[in-house]
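Here are some notes to read alongside the structure, written as numbered points. I hope they help you find your way around.

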Amino acid sequence: MFNLILFGPPGSGKGTQSEKLIEKYGLMHLATGNILREEIANKTALGLSAKGYMDRGELVPDEVVIGMIRSAIENNPGIRGFLFDGFPRTVAQSVALDNLLAENDAQIDLVLALQVSEDELIDRLINRGKTSGRSDDVNEKIIRARIGEYENKTSPVAGHYSKSDKVVKVKGEGTIDDIFDQLSKEIDHKQS
Ligand code: AP5
Ligand code: MG
């Protein structure tokens with residue numbers, strides 16, 4: 001198995017690059033934000049419990065997202081690998097993920113961390129908010145709350161994986177194709 005985390009703050013391009021990477025490397029895309037938005041659209045109990053947190057730009061509780069990832073891993077045996085997008089977002093989530101993968105004799109092989117300035121993140125998300133319909137893109141206050149959650153709770157996840165030398169920083173500004181080429185180069189290097 002080859003398991004990759006695409007890491008970075010809100011608006012850094014995780015979703016955009018994931019779509020291209022899963023195609024090229026045959027990985028399964030596990031994006032907790034997308035799964036949560038589907039649950040909300042389907043008005044499930046899980047979706048209803050997560051909606052308030054998401055609308056405020058706060059992280060939903062660890063046990064909710066860990067349960068989602070556990071089911072996804074258990075329901076996809078024999079897979080080539082996963083691309084985790086927007087997960088793990090706390091150190092507790094990383095520890096849970098490492099344990100879930102270890103149960104399948106697997107591990108996180110690489111963490112690619114997209115580097116984008118805060119001004120650029122805010123510009124991208126305000127711009128997307130004009131058409132996305134995403135409740136957490138509607139104003140700068142909520143966007144800043146998301147970035148604050150990232151800085152306080154999510155950035156330590158990079159520290160967790162850098163202990164085992166798994167983190168590679170990649171510049172996340174420039175054209176989508178150039179960034180994709182850089183990400184691909186790092187994956188090819190890791191797999192060679
Ligand atoms: P989630 O859905 O994961 O959103 P996010 O990480 O806050 O950020 P985005 O998905 O908006 O950004 P992205 O990095 O994917 O960038 P994108 O490619 O879209 O999470 C949403 C919420 O769900 C959280 O706040 C939380 O409440 C909850 N949640 C989810 N996972 C959780 C977890 N594990 N634990 C707890 N709670 C969780 O690009 C952004 C924009 O920029 C787009 O318009 C795109 O077109 C544009 N763009 C992309 N690349 C470029 C480029 N190179 N140049 C210019 N523009 C670009
Ligand atoms: Mg995304």
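**Notes on the pockets, the core and helix 4**

1. A good place to begin is the second largest pocket, whose lining divides into 10 nonpolar, 3 polar and 3 charged residues. Please keep in mind that this is a predicted model. The pocket holds about 210 Å³ of space. It is lined by 16 residues, and Phe7, Pro9, Leu114, Gln115 and Tyr150 are the closest to its centre.

2. Which elements supply that lining? Strand 4, helix 6, helix 7 and strand 5 (167-171) each give at least two residues to the second largest pocket. Helix 7 provides the largest share, with 6 residues.

3. Now to the largest pocket, with a volume of about 810 Å³. Its lining has 42 residues, and those nearest the centre are Pro10, Lys14, Arg89, Arg134 and Arg146. By class, the lining comprises 13 nonpolar, 17 polar and 12 charged residues. At least two lining residues come from each of helix 1 (14-25), strand 2, helix 2, helix 6 (118-132), helix 7 and helix 8 (176-191).

4. Helix 7 is also where you will find Thr154. Is Thr154 buried or exposed? Its relative accessibility is 4%, so Thr154 counts as buried, the cut-off being under 20%. Leaving aside residues up to four places away in sequence, Thr154 touches Phe7, Leu59, Pro88, Arg89 and Glu149.

5. The largest nonpolar core has 28 residues, and the members touching the most others are Ile5, Ile69, Ile73, Phe84, Leu97 and Ile108. Two or more residues each come from strand 1 (4-7), helix 3 (45-56), helix 4 (62-74), strand 3 (82-85), helix 5 (91-102), strand 4 (110-115) and helix 7 (140-162). Helix 4 gives the largest share of this core, 7 residues. Apart from this core lies another, of 16 residues, including Leu6, Leu21, Ile22 and Ile187.

6. Helix 4 deserves a closer look. Its buried residues are Val64, Val65, Ile66, Met68, Ile69, Ala72 and Ile73. Among the elements covering them are strand 2 (28-31), helix 2 (32-41), helix 3, strand 3 and helix 5. For one of these buried residues, Ile69, the contacts beyond four places in sequence are Leu30, Thr32, Phe84, Phe87, Leu97 and Leu100.

7. Finally, how does the span of helix 4 agree with 1.5 Å a residue? The 13 residues of helix 4 should span 18 Å, and the end C-alpha atoms lie 18 Å apart, so the two agree.

Methods. Residues are numbered from 1 along each chain as its sequence is written. Chains are lettered from A and ligands numbered from 1 in the order in which they are written. This is a predicted model: local features need pLDDT of at least 70, side-chain atom pairs count only at pLDDT 80 or more; totals for chains, interfaces and linings use all residues. Side-chain values use heavy atoms; hydrogens and water are left out. A nonpolar core is a set of buried Ala, Val, Leu, Ile, Met, Phe, Trp, Tyr and Cys residues joined through side-chain atoms within 4.5 Å. Buried means under 20% relative accessible area, exposed over 50%, partly exposed in between (1.4 Å probe, protein chains only). Helices (H or I, at least four residues) and strands (E, at least two) are DSSP runs, numbered from the N terminus. Contact means heavy atoms within 4.5 Å. The expected span of a helix is 1.5 Å times one less than its number of residues. On a 1 Å grid over the protein atoms alone, a cavity is a set of points where a 1.4 Å probe fits but cannot get out, and a pocket is an open set with protein on both sides within 12 Å along at least five of seven lines; lining residues have an atom within 4 Å of a point. Grid points are joined across faces, edges and corners, and a volume is the space filled by probe spheres set on the points. Ala, Val, Leu, Ile, Met, Phe, Trp, Tyr, Cys and Pro count as nonpolar, Asp, Glu, Lys and Arg as charged, and the others, Gly among them, as polar.
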